[in-house]
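Reader: I am in my first year and still learning how to read a structure slowly. Could you take a single part and walk me through it with care?

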Amino acid sequence: MTSSGAILGELFTEAGRADPYPLYVKLHELGPAEHVDGPFFVVNGYHEVNSVLRNPGFGKWAQSAQAWPEIADHPSLTRFGTSILDTNPPDHTRVRRLMATVFTPRRVAALAPAVTAIVGDRLDKMAEAGADGSPVDFMDEFAFRVPVSVICELIGIPEADRYRFRALMQDVAIALEIVSDLSTLGPADAAMLEIEEYFTALVAERRAAPRDDLTSALIHDADQDDGRLSEEELLSNLVLLLLAGFETTTNLLGNGLAVLFDRPRLAAGLRAGTIPAAGFVEEVLRFDSPVQLTSRLAMTDGLQVAGIPVPKGSEVMLLLGAANWDPARFPEPERFDPGRPDNQPLSFGAGAHFCLGAALARLEAATAFPLLLDRFPNLAAAEDAERIRNDRLVLRGYQTFPVVVS
Ligand code: HEM
């Protein structure tokens, strides 16, 4: 029998990154969780991943230079250490509460007209670029620009500054994969420094002249003298919101379009309204999750996963993408079914760190797909240019996706 260690080894190869799903199937055959080696565990079962995410005994690594001196020179690793993504209570609870007020379902629903307008604008641009039948890169022209515009509107980043973030994020993403050699982080560190500089300047500007945006609201919190938000936390969480706010949603749109092109009947159903957009989006999230894995640290004694003791200090890799393909939770997981009953994939995580932007991402995708299909009845993959994956495991998506619109 193949061991989980060997399967994980394959997952981190180029072929594993290109298509991790056959490896997830093999992992499920071994069981829902495995002790891989030393202080290292892997969890792939839906119920087991869900329960680790909801168990406060499992926390974040807190990737601060203080906790882990060898990463001190790598801003691409340390920056998120002071954001809500990588902190534990009480810091996480304190700051997340401040940020959550902006992303309540009511506030997100109120953004619907703005999202529709942004989508409409990008469709106009795609129509223009592809009017003569030439291929348009869906990833660059639409999948990136819609979510980056939405999150930048919220944060208060002017339009002229937005479009360079895709290239910068592509470099930062190196640090968000499993990093085994810190010397590969040069481009990620340089990109992170550039983003930090950008936000330092934006914060100074908004502090001098506040506006009705998220940056100004968080500066207001940082300027209170009750310690509710430090200057460092302000910067880290703005960087986090920007990067988490577009990259994952970009990939949701690209992964969803691939599903549509591979299954033409779905596109017809979405166009006719017989397949609800929300069900389609939820199944794309399950079927090809934009975030494939996260991890946790065992912070207390006496923890177990699937009956396997997990000693304090162990690292637990949580394969969200595999959990979404757990046949015990989702019958025939390889079948794309937008009508799947009780479809609750773990693509946005669960528990204390459940994605803050989940409602916004769902709104963007459920708005984008029907409008895209309505606008371009002849939308198709470009014949002489292939779609290319981004060669990443954690943040799964396409680098380029050429389409024709007329
Ligand atoms: C399809 C799109 C998205 C996916 C798949 C996604 C996925 C995730 C996942 C899996 C986590 C939890 C990570 C963990 O537990 O270790 C997370 C956290 C987070 N996401 Fe998203 N996300 C998406 C869109 C967004 C958007 C649009 C925003 C911003 C508006 C956002 C902001 C955040 C933030 C701030 C956190 C940290 C929450 C915390 O740790 O308390 N995400 N996201």
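Reader: Which residue of the protein is the donor to the iron atom of the ligand, and how far away is the donor atom?

Author: Please keep in mind throughout that this is a predicted model. The iron atom of the ligand has a single donor from the protein, and that donor is the SG atom of Cys 355, which lies 2.3 Å away. Cys 355 belongs to the loop between helix H17 (320–323) and H18, and with a relative accessibility of 28% this cysteine counts as partly exposed.

From the iron we can step outward to the residues around the ligand. There are 28 of them, and the closest are Lys 60, His 92, Thr 294, His 353 and Cys 355, so that the cysteine we began with appears again in this list. Sorted by class, the shell consists of 16 nonpolar residues, nine polar residues and three charged residues.

Some side chains also approach the oxygen atoms of the ligand. For Lys 60, an N or O atom of the side chain is 2.5 Å from a ligand oxygen; for Arg 96, the corresponding distance is 2.7 Å; and for Arg 296, it is 2.8 Å. If we ask which elements give two or more residues to the shell, the list is made up of helix H6 (91–100), helix H14 (231–262), strand S5 (293–298) and helix H18 (358–375). Of the shell residues, the largest share comes from H14, which gives six.

Since H18 is one of the elements that give two or more residues to the shell, let us follow that helix for a moment. Ala 368 has its place in H18 and, at 1% relative accessibility, counts as buried. Although Ala 368 and Leu 123 are 245 residues apart in sequence, their C-alpha atoms are 9.4 Å apart in space.

The loop that holds Cys 355 also deserves a second look, and two further residues in it can be described. Glu 332 is found in the loop between H17 and H18, and this residue has a positive phi of about 45° although it is not a glycine. Asp 342 lies in that loop between H17 and H18 as well, and it too has a positive phi, of about 50°, without being a glycine. As for their surroundings, Glu 332 counts as partly exposed at 44% relative accessibility, whereas Asp 342 counts as exposed at 52%.

Glu 332 brings us to the pairing of charges. Side chains of opposite charge can pair when their charged atoms come close. Glu 332 forms a salt bridge with Arg 335, the closest N and O atoms being 3.5 Å apart, and Arg 335 is partly exposed, with a relative accessible area of 37%. Elsewhere, salt bridges that share partners join Arg 79, Glu 196 and Glu 232 into one network.

The count of salt bridges comes to 27, and two others make a useful pair to set side by side. In one of them, Arg 17 meets Asp 391, with the closest N and O atoms 2.7 Å apart. Arg 17 lies in helix H2 (residues 14–18), while Asp 391 lies in the loop between strand S10 (388–389) and strand S11 (398–400), so this pair ties together parts that are 374 residues apart in sequence. Asp 391 itself is partly exposed, with a relative accessible area of 42%. In the other, the side chains of Asp 121 and Lys 125 meet at 3.0 Å, N to O. Both residues are in helix H8 (residues 112–129), and because they are four residues apart there, about one helical turn separates them. Asp 121 is partly exposed at 31%, and Lys 125 also counts as partly exposed, at 34%.

Finally, we can return to cysteine. A disulfide is a covalent bond between the sulfur atoms of two cysteines. In this model the count of disulfides comes to zero; Cys 152 is in none, and the nearest cysteine sulfur, that of Cys 355, is 16 Å away. Cys 152 counts as buried at 1% relative accessibility, whereas Cys 355 counts as partly exposed, and the sulfur of Cys 355 is the single donor from the protein to the iron atom of the ligand.

Methods:
Residues numbered from 1 in each chain as written. Predicted model: local features only at pLDDT ≥ 70, side-chain atom pairs only at ≥ 80, totals over all residues. Heavy atoms only, no water. Disulfide = S-S within 2.5 Å. Buried < 20%, exposed > 50% of the residue type's maximum accessible area, 1.4 Å probe, protein only. Salt bridge = Lys/Arg side-chain N within 4 Å of Asp/Glu carboxyl O. Near = heavy atom within 4 Å. Polar contact = N/O pair within 3.5 Å; in protein donor to acceptor, adjacent residues only side chain to side chain. Nonpolar A, V, L, I, M, F, W, Y, C, P; charged D, E, K, R; others polar. Donors = N, O, S within 2.8 Å, 3.2 Å for Na, K, Ca; no water.
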